Each structure stands twice: as C-alpha cells, then as structure tokens.
Amino acid sequence: MEEKLFDCIILGGGPAGMSAALYAQRGNLKTAIIDSSALGGQPVNYLEIENYLGFPSIKGFELSDKFEEHIDKFKVEKFTNEEIQSVELNGEIKTVTTLNKIFKAKSVIIATGAKPQKLNIKGEEEYKGKGVSYCAVCDGAFYKDKIAVVVGGGNSALEEAIYLTRFAKKVFILHRRDEFRADRIIQARVFSNEKIEFVFDAVPVEILGENGKVTKVLCKNTKTNQTFEIITDAIFPYIGFLPNSKLFAGEILMDEKGFILTDEKMKTNIDGVFAAGDVRKTPLRQVITAVSDGAISGVFAVKYIEEKETLMKEKSMRI
Ligand code: NAP
C-alpha cells in the first residue's frame, strides 16, 4: 500500500480543515488534507450565509469554493474520497489508514465536523430518501406544490423552512417548545412567511407512508401527551448535529456526546493531535468560528513541530 509522510495531516476538508491547512502550510509544514468526499464540508449545503464577515450574503458552495481556491494557491496536498479506516495517534509519528493509502504524520488536526442528529423514531430509516431528508437544499425541489414538515427550532430548522417555501405550498415547523432558539432576525422572517405554519410543544413520534413514500407524521403534544397527525409529503429533521468522532473514541478525550475536548490552543489530550471546528466541544458552531479554530490549530501544530525539532537539535548537539 502507498505510504506518505507529512508534517501535518488534517482530517476533514470543511472550513476548519481548510483554514488549518492554510496556516500549517504557510507555517512551512508539509501539509495534507484528507476528506471522505470532496472538500467543502457542511456549508456546501447552506443556501445563503449572511454572517461570515466580509460577505453580507454568499451561497454556501461559493464560500467553500473560495476557501479551496485559497488553499490551492498555497499548494496544500489534497486527498479526496479517502474514507479513513483507522488512526493511531499516540507516539511521535501518527498513522492514518484509508482504503488505499497509509498516511504518516508528525501532527494531526481532527476537523471531521458533525452530522445531522436523527430523530430516532419509527419510519425514519424506512422513509429516508422517500420523504425523509436532512438536506433541504439538496431535496427541496422534489416537493414543488407539496407539504413539508421541518422539525426543530434552531437556525438550521428555520432557515431551511424558509428555503422550502420556494417549492412547497405549505411548510410546518414542528418544535418541542413554544419558543425558538434561532436568531431573532431569522425568527422574524419565518413569522412573516405566509406559507409557514407553526406547531409548538410537539415532537414527531412516527413517520408513516404508503407505496414507499411519506404520507403523514404522527406527533405528540409535549404538554398534554395527546397525539395527532400531520398530513405531509416530506419531513426534514433539523434538530442539531452529532460529532464525527467515532474513529477517535478511546484515544481522544470527549464529552458525553462525543465532542472532542481541547484547550484554547486546540490541543487534545494527545501530544501533537489537535481538533478544530464542529467536532470540538465549543459554545458556537458557525463557519466563522470553525475557520478561527482551524487557524489556531494550524499555528499550534507549527509551534509543536518547531519545538520538537529544536529539542532534537539540542539533543544531537549534546551527543
Ligand atoms: P441547534 O441550534 O442545536 O438547534 C436544534 C433544535 O432542535 C433546537 O430547537 C432543539 O430544541 C431541537 N431539538 C433537539 N433535539 C430534539 C429532539 N430530539 N426532538 C425534537 N427537537 C429537538 O441546531 P442547528 O439549528 O442545527 O444549529 C447548529 C449550530 O449551527 C448553531 O450554533 C447555529 O447557530 C448554527 N447555524 C447557524 C446558521 C447561521 O448563522 N446562518 C445557520 C445554521 C446553523 P430546543 O430549542 O428545545 O433545545
């Protein structure tokens, strides 16, 4: 199997990973970025980003393209469609094994991001791709003049509900409380959208269908426990994200949900291993904070390698 040695390997090519790559490569580290698909990460699926400083409104995929062009300018080595099979992070040289390659590196930055949290209710798996979708931007157009239910009360749920109204004739937002946690500006937009109807204090308990397609969602009122149905063609759960950190369990310290614990320099519990972006335990998960995490991790990966090299030089001078 092909084997490659780098100063710094970055796992994950979203905003955090690409920012880390830029800082590591410009810090003179031989840097590689590995992703199981194309680079871009979650923003590729965001219709519009309005809170990335300097870009009052930009499409998610456009911002991702700009990030990638930027790291290309500094000639970061990119390995896409490389599914990571295993990692060995302890020791001076770390190993990352994909299906076709073995990567060796003196430092590793974990920027594997997060994936949508599932509802974990009956019918969710069965109707995945047949009415159950976690990406309104990808699948919204299938629901022209149809009905959709969005679950959740955060920025993602509300923004995606607004997006779905471009196609659907009606969009229900189903939320377990009677208050949204989304930004006020986004709340104002959903409240003034005539196609959106609100179902508060309720959660979905089962997704039902006919002929292989979603037809309704059975819901439960969280206050009265009464059940009721919503007739719909689609259900879009937007109830938060879970970290892509399973590969590192047992080696890297995490919280109870699997978010990686770091210090303010993005260092994990293992020497030479850093974590950045949504995979990390952090109070804010935005493109701008992921990019900031990436920068910090890249800089401290550079410092880590410099310190190691200085120590080695001093050691060899003493011999
Ligand atoms: P989030 O802010 O964590 O919101 C998750 C929502 O789902 C909450 O309203 C939560 O209800 C609800 N929920 C959680 N578990 C549930 C369950 N089992 N059943 C029913 N409802 C459940 O997640 P997000 O909206 O995906 O956002 C994630 C992060 O990305 C946030 O920091 C957000 O600000 C950011 N983001 C930003 C933008 C933007 O700025 N343009 C866009 C998208 C996302 P409770 O409120 O009751 O907890």
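Which domains does the lining of the second largest pocket draw at least three residues from? I looked this up before anything else. The lining draws at least three residues from each of domain 1 (2–115 + 241–318) and domain 2 (118–237). The domain bounds come from an automatic or database domain assignment.

**Ground rules.** I'm working on a predicted model, where local features need pLDDT of at least 70, side-chain atom pairs count only at pLDDT 80 or more, and totals for chains, interfaces and linings use all residues. Residues are numbered from 1 along each chain as its sequence is written, and side-chain values use heavy atoms, with hydrogens and water left out.

**Whole chain.** I found 6 helices and 18 strands in the protein chain. Both are DSSP runs numbered from the N terminus: helices are H or I with at least four residues, strands are E with at least two. Along the principal axes, the C-alpha atoms fill a box of roughly 80 × 40 × 35 Å. Of the 319 residues, 48% are buried. Buried means under 20% relative accessible area, exposed means over 50%, and partly exposed is in between (1.4 Å probe, protein chains only).

**Back to the pocket.** A pocket is an open set of points on a 1 Å grid over the protein atoms alone, where a 1.4 Å probe fits, with protein on both sides within 12 Å along at least five of seven lines; lining residues have an atom within 4 Å of a point. The volume of the second largest one is about 300 Å³, counted as the space filled by probe spheres set on the points, which are joined across faces, edges and corners. It has 16 lining residues, and the closest to its centre are Asn 45, Pro 116, Tyr 134, Cys 135 and Phe 241. I checked the elements too: β9 (114–116) and α4 (155–164) each supply at least two lining residues, and β9 gives the most, with 3. The lining divides into 7 nonpolar, 6 polar and 3 charged residues. Nonpolar here covers Ala, Val, Leu, Ile, Met, Phe, Trp, Tyr, Cys and Pro; charged covers Asp, Glu, Lys and Arg; polar covers the others, Gly among them.

**Rings.** I counted 13 aromatic pairs. Rings of Phe, Tyr and Trp (its six-membered ring) pair if their centres lie within 6.5 Å; planes under 30 degrees apart are stacked, over 60 edge-to-face, the rest tilted. Tyr 163 and Phe 167 are edge-to-face, at 5.4 Å centre to centre and 75° between the planes, and both are buried. Phe 180 and Phe 200 are tilted, at 5.2 Å and 55°. Why does that pair tie together parts that are 20 residues apart in sequence? Phe 180 lies in the loop between β11 (170–174) and α5 (184–191), and Phe 200 in the loop between β12 (196–199) and β13 (202–210). Phe 180 is buried at 5% relative accessible area, whereas Phe 200 is partly exposed at 27%. Ring pairs link these two with Phe 191 and Phe 198 into a cluster.

**Charge over ring.** The charged end of Arg 285 sits over the ring of Phe 259, 3.9 Å from its centre. The rule is NZ of Lys or CZ of Arg within 6 Å of the ring centre and within 35 degrees of the ring normal.

**Odd phi values.** Most residues other than glycine have a negative phi. I noted Asn 81, with a positive phi of about 55°, in the loop between β5 (77–79) and β6 (84–88). Asn 81 is exposed at 57%.
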